[in-house]
Amino acid sequence: MTALPLRSLLFIPGDSEKKLAKVAGCGADAVILDLEDSVAPAQKADARKRVADFLASAPRGADAPRYWVRINPLDSGMVLEDLAQIMPAMPDGIMQPKTNGPACVRQLSHYLDAFEAARGAADTATGIIAIATETAVAPFHLGEFAAAGLSRLTGLTWGAEDLATAILASGNRTANGDWMFTFQMARSLCLLASHASGVQAIETLHADFRDEAGLRASCRAARAEGFSGRLAIHPAQVALINEAFLPSVQEVHHARRVVEVFAANPGVGTIGLDGKMVDIPHLKQAERLLALAEAYGVGGV
Ligand code: COA
Ligand code: MG
């Protein structure tokens, strides 16, 4: 199995010493040290330095989170300054906001080639996660990721807040709390583009950070739809997200039975189980679920 999907990715404003101090023990699979929208323009220089210093002494290894940095957008004029400070401190990856399709990722990727060459560490290829729906034009480019051959691309995610601002929408949810149509569409296109490109599909954040029930329900829905992890903005969201993106014991049990019924009936492509048809796509799904469960030790696999 390739690298495990990142289930939870916790944003930490890069200028907050207090929040950076909470990284140790936060339990997130990845932290995203932010230089973009959570940092006021006057604090950018301070945040770059704090994040670089933090990275330089952060513990690495299986028990530590992966360290990602969200830089500023390409058209901000700040990207090279961000990378010049951050890259020597060896982040695992860069999150690129306000990405308008593969051309933007390719440009960032070239920058990373140069900064990696400068530090002489060719064996530690820096990943890229693109936030790929934050401008009005961005969703139109999602379909282009599949054929773009971007080897650093690790995941795609989507954002509803900046997109709302970009299209002069006064909100992004309907009265009953569902995403409005435009945002649903951007989300689904992002999900499809992720899978078409073979990278992780990462659900956007749940802004109401005290709403546990809403977070849990929307994580379950996201996982059922094909997302493998989610952005978090508050440490209290992390454990819930980690759990929600794992297979449940019942799912593991059912997947085992699917695998067993095919093993017991060699050469059969479709078969009945508990009065329902299962066929090859179900077998593939079951095998994938068991591999993830095994990696995380869920359900005694
Ligand atoms: N990372 C690390 N620590 C965090 C945190 C985060 N994302 N969010 C909150 N905390 C800490 C707080 O500093 C506080 O610490 P304390 O108990 O030592 O005082 C504790 O967790 C409880 O925080 P709480 O009072 O519940 O929230 P808050 O009002 O202080 O902060 C936010 C609310 C939304 C401002 C904060 O969660 C945050 O900064 N989130 C990330 C925002 C971000 O990066 N956005 C960019 C992506 S859209
Ligand atoms: Mg933003």
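Reader: How do the residues of the shell around ligand 1 divide into nonpolar, polar and charged?
Author: This is a predicted model. In it, 16 residues surround ligand 1. By class, the shell holds two polar residues, six charged and eight nonpolar.

Reader: Which residues are the closest to ligand 1?
Author: The shell around ligand 1 draws at least two residues from each of β1 (8-13) and α1 (17-20). F11 lies within the bounds of β1 and K18 within those of α1. The closest residues of the shell are F11, K18, K22, I233 and H234.

Reader: Which element gives the most to the shell around ligand 1?
Author: Both β1 (8-13) and α1 (17-20) supply at least two residues. The element that gives the most, with four residues, is β1.

Reader: Which side chain has an N or O atom 2.6 Å from an oxygen atom of ligand 1?
Author: Polar atoms of the protein approach ligand 1 at several points. The backbone of I233 places a polar atom 2.7 Å from a nitrogen atom of the ligand. H234 uses a polar side-chain atom, 2.7 Å from an oxygen atom of ligand 1. The side chain that lies 2.6 Å from a ligand oxygen is that of K22.

Reader: What percentage of the accessible area of ligand 1 does the protein cover?
Author: Contacts with ligand 1 include the one from the side chain of K22 at 2.6 Å. On its own, ligand 1 has 900 Å² of accessible area. Of this area, the protein covers 65%.

Reader: Which residues are the protein donors of the magnesium ion (ligand 2)?
Author: The donor atoms lie 2.1 to 2.2 Å from the ion, and each is labelled OD. One donor residue sits in the loop between β2 (30-34) and α2 (44-57), the other in helix α5 (residues 161-166), 125 residues apart. In that order, they are D37 and D162.

Reader: Is D37 buried or exposed?
Author: Buried requires a relative accessible area under 20%, and exposed one over 50%. D37 has 48%, so this residue falls in between. D37 is therefore partly exposed.

Reader: Which backbone nitrogen does the side chain of Q200 reach?
Author: Q200 belongs to strand β7 (residues 200-203). Its relative accessible area is 15%, so Q200 is buried. At 2.9 Å, the side chain of Q200 reaches the backbone nitrogen of L6.

Reader: What distance separates the centres of domain 1 and domain 2?
Author: Domain 1 spans 8-244 and domain 2 spans 249-296. Taken over C-alpha atoms, their centres are separated by 33 Å.

Definitions and conventions: Residues are numbered from 1 along each chain as its sequence is written. Chains are lettered from A and ligands numbered from 1 in the order in which they are written. This is a predicted model: local features need pLDDT of at least 70, side-chain atom pairs count only at pLDDT 80 or more; totals for chains, interfaces and linings use all residues. Side-chain values use heavy atoms; hydrogens and water are left out. Domain bounds come from an automatic or database domain assignment. A residue is near a molecule or strand if one of its heavy atoms lies within 4 Å of it. A polar contact is a pair of N or O atoms within 3.5 Å; within protein, one must be able to donate a hydrogen and the other to accept it, and residues adjacent in sequence count only if both atoms are side-chain atoms. Accessible areas come from the Shrake-Rupley method with a 1.4 Å probe; for residues, only the protein chains shown count as cover. Ala, Val, Leu, Ile, Met, Phe, Trp, Tyr, Cys and Pro count as nonpolar, Asp, Glu, Lys and Arg as charged, and the others, Gly among them, as polar. Donors are N, O and S atoms within 2.8 Å of the metal (3.2 Å for Na, K and Ca); water is not among the atoms, so sites may look incomplete. Buried means under 20% relative accessible area, exposed over 50%, partly exposed in between (1.4 Å probe, protein chains only).
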